[in-house]
Amino acid sequence: MSEKAGDPILQMYIEESKTLLEELEDIILSSEKDGNLKGRIDEIFRIMHTIKGNSAMMKFDNIAFVAHKMEDMFDLLRKNSSLNIDFSEITDLSLASMDFIRGEVEKVENGEETLTEGRDLISKIEELIKSLSSRDKQSDIKEIKYEAVVRFEKDCLMENIRAFTLLRNMEPFIKDTEYCPKDIAENDLSSEEIQKNGFKLIFTTDKKQEEILDIIEKTSFIESVDIKEYKEDIDVKKEVKTDKPGEKSKPSGKSGLNVNTENVDKLMDLVGELVIAESMVTKNPAIANIKSENFDKSARLLKKIINDIQDVVMTMRLVPISPVFKKMNRIVRDMSKNLKKDAELTLIGEDTEIDKNLIDPLSDALMHLTRNSMDHGIEENKDRIDKGKSEKGHLKLEAKSEGGDVYLVLTDDGGGLNKEKIYNKAIKQGLTQKSIDELTDKDVYSFILKPGFSTNEKVTEYSGRGVGMDVVAKNIEAMRGQVYIDSKKDQGTKITIKVPLTLAIIDGLLIKIGTSVYAIPVKSVAMSFKPDKKDIIRDLEGNLMVMSKGQCYKIIKLYELFENETSTVDINDGIIIMINYEGNKICLFADSIIGQQQIVMKPLPKYFKKLKGISGCTLLGDGNISLIIDAAGLI
Amino acid sequence: MSNEEMDIIQEEDTQKGKFLIFTIDKEDYGIEIKNVLEIVGIQPITAVPQLPEYIKGMINLRGKIIPVMDVRLRFKKKEIKYDDRTCIIIVQLDEIYVGLIVDRVSEVMNISDDEFTEVPEIGSNSNNRYISSIGNTKSGVKIILDCNKIISDDEIDAISDLA
């Protein structure tokens, strides 16, 4: 089995299938939103076709079969583009088939052999195809929009009245009628226009062209009838035909290559070694005395190339969060259908890049939170109206990176958390002894992050089993992240996840304290300055403060906090760096600033767990380790 | 049984009864070889604040950041200057990697079961709590240490709880 999973062709199949399924889900969901599934049938058909082909080649017959049936269905839709069908059924079934295929592909990936046949699904698809094609048979009477120009015999006079009679005759058989000139009934002069240009009609009918022709010709004095299908529809058809199935539409933007994450990790470590090896060679005492311009030049070139490699490797691990976000779209859609709650999800900051390793745990956490919001947060349509809110619930998922962290914020405009209910439960569970007045809202809300806590009385398909928020909190903490909850009754809930960008590259300001080098994320730095003696204030407890632009700020002596030995202890000898976190500012005192440089955030070894004021560490170009100062932790 | 499983069992067999012997002060100590990942010479150590004295900081081992502990200080012995005999033994316990700084590493030794003697009870709070057994070999007494106990640290836990 391990041999199977390692098979590069299989690997490719799995990756490609996953990408295709993601693309498909995206298409289906977005077309459902804007109600234009019709226009995208070809894309869906192409994807199903590719999946079918690939799966058949890999001999996953069950997947191929389902894909084949879906292809059949979309083929049918494609050929009858004018068919008027309820697409929600098709959307549901497409999503179900997609889930089935995804499940099977995952099984293949995990090396599981048990491949289900998905009979239920196939029979459902077959049923739908049957009902569609029966509609197709009746499609002889399907509605077509026509455009007709009727000319009357010369000298028949009163063309406008003739045209009016014609309309009367046709009325029982046609609908959505438009005609030109419009004022035939009121304006006798319109007859002149009819004489000149003919009487133009645009209408929709379920009759065949010949039948319509017969009806028109029954009216007296008709000289000629020019009838054809209305142009707009014809255009659509043409467009449809140029898009051949099986032909891959070119992916927009950059082309991708799937690389094993393990290899990227290895490469990363190797580049780290390379950097050290480089400095070992160029700073080797044995060559210290060589004064060769040529050698220096080559050494510089080597260093430059190594730096470039390092940069490239670093960015390789970062991926946009958008696939995770798109999953949420699906959850909101499914749940809003099943729970009969109208809801809409807005995504912001999908391009935010996070470390590949964070994708899966974050996705699980967000999935859970989204479900919670849909299940417990957003109220029933009726209740929402009673509360004077819009019938449709709104969820917002936002990603942004700030400082060395990524923030994911899920907001809903639902019922909010019930402080009393949570508090009573917390008391029952023995989580607190304090009275409710002693606890702030945030204290109370944080109880729901404790194990075994669930206030929902009934267990639903989606949530309410009591294992949940605590697992989310634990997983986020394992990533050295945090969860914050904020809520207002009847206004909604806001859950913020903050995770450090473990391996993300950030701009760091390198500072020196004694012999140690520390880095501060540039984003947290407000400014740095050499203070005037007169601006330094000492309070009664001996704490130092500094006046800057009329404001007073606390000074933290980093050499004291980090227990470094340094000769720079006088404020006037060193430098002050003002850092900023969510509007709060504090000043740090260091020996000197070395410079600004891109650094790779690495987590501290697990052994250390949490350290105050330090969010991680980074490797410097010379192979030394530098600790990264956590602005949020110091303020 | 698959080949892979056989390999693992064989590997465990070949590692059984083998100990890495190192010296601190005048004593010889041993740790089970299965915990040892590699041995490197002394490296530049980055100090990390807010940690017990015996945690010297961390080293960059080919891009991997590994915390290092001075075993001398862990055993509350006097600190000495590191020299070219000083070694860092990188041990791995589950997910945790730690470098142990020792005066010098001497050899890998087989100690058979009948060479072990019981550890006398002296109370759990002394340094002796790190000892798992004592090997009485031809080349002298080797104190076999329990890696887990050296590394697992109430003090570190206490510190991170405060943070």
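So, how many residues of chain A are in contact with chain B? The count is 23, and they touch 22 residues on the chain B side. Before I go on, please keep in mind that what you have in front of you is a predicted model.

Let's stay with that contact for a moment. Three elements of chain A each give two or more residues to the side that touches chain B: helix α11, residues 261–282, then strand β21, residues 614–619, and strand β22, residues 625–629. The most comes from α11(A), which gives 4 residues. And what sort of residues does chain A put there, by class? You get 11 nonpolar ones, 8 charged ones and 4 polar ones.

Okay, on to the cores. The largest nonpolar core has 72 residues. The residues with the most contacts inside that core are A:I520, A:I577, B:I89 and B:L100, so you can look for names from both chains in that list. Take A:I577 and skip the neighbours within four places in sequence: its contacts are A:I511, A:I520, A:V525, A:S528, A:C587, A:L588 and A:A590. There's also a second core, separate from that one, with 39 residues, and A:L362, A:I378, A:L397 and A:I476 are among them.

Now the sheets, and I'll show you two, both in chain A. Here's one with 4 strands: an open sheet, antiparallel, in the order β2-β3-β1-β4. Why is one side of β2(A) and of β4(A) left without a neighbour in the sheet? Those two, residues 174–180 and 222–229, stand at the edges, and each has a single partner strand, so there's nothing in the sheet on the other side. On average, neighbouring strands here are turned by 20° against each other, if you ignore direction. The partner of β2(A) is β3(A), residues 199–205, and that antiparallel pair has 5 bridges. If you want one to click on, A:K175 has A:T204 in β3(A) as its bridge partner.

Lying across β1, β2 and β3 of chain A is helix α7(A), residues 159–170, and it runs at about 145° to β1(A).

Then have a look at α8(A), residues 190–197. Which of its residues are buried? A:S190, A:S191 and A:I194 are. They span an arc of only 105° around the axis, so they sit on the same side of the helix. What covers them includes β1, α7 and β3 of chain A. Flip to the face turned away from the buried side and you find A:K196 and A:N197, which are exposed. Right after α8(A) comes A:G198, with a positive phi, near 85°.

Second sheet: this open one has 5 strands, in the order β6-β8-β9-β11-β10 of chain A, and the pairing is mixed. At the edges are β6(A), residues 343–348, and β10(A), residues 482–488, each pairing on one side only. The average turn between neighbouring strands is 15°, again ignoring direction. β10(A) pairs with β11(A), residues 492–500, in the antiparallel sense, over 7 bridges, and A:I485 stands opposite A:I495 of β11(A).

Which helices pack on this sheet? One is α13(A), residues 322–338, which touches β6 and β8 of chain A and makes about 175° with β6(A) in direction. Another is α14(A), residues 356–377, touching β6, β8, β9 and β11 of chain A, at about 15° to the direction of β9(A).

That's my tour, thanks.

Key: Residues numbered from 1 in each chain as written. Chains lettered and ligands numbered in written order. Predicted model: local features only at pLDDT ≥ 70, side-chain atom pairs only at ≥ 80, totals over all residues. Contact = placed C-beta atoms within 7 Å. Nonpolar A, V, L, I, M, F, W, Y, C, P; charged D, E, K, R; others polar. Core = buried A, V, L, I, M, F, W, Y, C linked by C-beta atoms within 7 Å. Buried ≥ 20, exposed ≤ 12 C-beta atoms within 10 Å, placed from the backbone. Pairing = 2+ DSSP bridges. Axes fitted to C-alpha atoms, helices over the stretch in contact; angles between N-to-C directions. Arc of directions from axis to C-beta.
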